[in-house]
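Reader: Could you take me through one part of this structure in some detail? I would like to hear about the charged side chains and where they sit.

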Amino acid sequence: MNKRKAMPTINVQLFEGRTVEQKRAFVKAVTEATVATLACSAGSVDIIIEDVKRENWATGGKLWSESD
């Protein structure tokens, strides 16, 4: 068994519009939870945030940009 632990890479898709401060708080919290849960170092945790326009996301056959 390989004793090296694979780095966790977490991909997150959010509707655009979050502030840098919100993203900073989010990645801090997710990193802390990942370290505690997976017993890895904070430096090994990669988080990729992808901002998505509401016009590029649909649920139940309806674009979010067309929701009430």
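Reader: How many salt bridges does the structure hold?

Author: Happy to take a look with you. This is a predicted model, and it holds two salt bridges.

Let's start with lysine 23 and aspartate 51, whose side chains meet in a salt bridge at 2.7 Å, N to O. This pair links distant parts of the chain, 28 residues apart: lysine 23 belongs to helix H1 (residues 20-38), while aspartate 51 belongs to strand E2 (residues 46-52). Lysine 23 has a relative accessible area of 21%, so it counts as partly exposed, just above the 20% under which a residue is called buried. Aspartate 51 is partly exposed too, with a relative accessible area of 38%.

The other salt bridge joins the side chains of glutamate 32 and lysine 28, again at 2.7 Å, N to O. Here both partners lie in helix H1, and because they are four residues apart, about one helical turn separates them. Glutamate 32 is partly exposed at 46% relative accessibility, whereas lysine 28, with a relative accessible area of 52%, is exposed.

Now for the surroundings of H1 and E2. Strand E2 pairs with strand E1 (residues 9-15) in the parallel sense, over seven bridges. In this pairing, threonine 9 stands opposite aspartate 46 of E2. Between the two strands the chain passes through H1, and the resulting β-α-β crossover from E1 to E2 is right-handed. The salt bridge of lysine 23 with aspartate 51 thus links the helix of this crossover to strand E2.

Conventions: Residues numbered from 1 in each chain as written. Predicted model: local features only at pLDDT ≥ 70, side-chain atom pairs only at ≥ 80, totals over all residues. Heavy atoms only, no water. Salt bridge = Lys/Arg side-chain N within 4 Å of Asp/Glu carboxyl O. Buried < 20%, exposed > 50% of the residue type's maximum accessible area, 1.4 Å probe, protein only. Pairing = 2+ DSSP bridges. Right-handed = clockwise from strand over helix to strand, strands pointing away.
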